[in-house]
Amino acid sequence: MAGLLVVKVHLDWTAPGHYDRDRSLPCRVCATTTKMRDGQGAACHQSCAEDEIARELLGAGRALIADERMPAPAQTRGAAA
């Protein structure tokens, strides 16, 4: 059974700690300058952080899907021969 895994992440960066009005720095993900800061204070666009987290979750989800307890069709064919 094929599955579709969709991951969407939306971070709430409305707190003042996520914005530095005095300094623009290169985003740690895309290197474009930004005044936004992540939870650790590193320069990062909100959309870059959301994409980064989504990619991590997607990878973890795919690993779980690949670890199904049902053997793959190629594995069952080899066992019958």
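A disulfide is a pair of cysteine sulfur atoms within 2.5 Å. By that definition, the structure before us holds zero disulfides.

Please note that this is a predicted model, in which local features need pLDDT of at least 70 and side-chain atom pairs count only at pLDDT 80 or more, while totals for chains, interfaces and linings use all residues. Residues are numbered from 1 along each chain as its sequence is written, and side-chain values use heavy atoms, with hydrogens and water left out.

Why, then, does Cys-27 form no disulfide? The closest cysteine sulfur, in Cys-48, is 3.8 Å from that of Cys-27, which is too far for a bond. For Cys-30, too, the closest cysteine sulfur is in Cys-48, at 3.8 Å, again too far for a bond. Contact means heavy atoms within 4.5 Å; beyond its neighbours within four places in sequence, Cys-48 is in contact with Cys-27, Val-29 and Cys-30.

Let me turn to burial. Buried means under 20% relative accessible area, exposed over 50%, and partly exposed in between, with a 1.4 Å probe and protein chains only. Cys-27 is buried, at 4% relative accessibility, whereas Cys-30, at 35%, is partly exposed.

Cys-27 and Cys-48 also belong to the largest nonpolar core, whose six residues include Trp-13 and Met-36. Such a core is a set of buried Ala, Val, Leu, Ile, Met, Phe, Trp, Tyr and Cys residues joined through side-chain atoms within 4.5 Å.

Finally, Asp-38 is buried, with a relative accessible area of 6%. Its contacts, not counting residues up to four places away in sequence, are Trp-13, His-18, Arg-28 and Cys-44.
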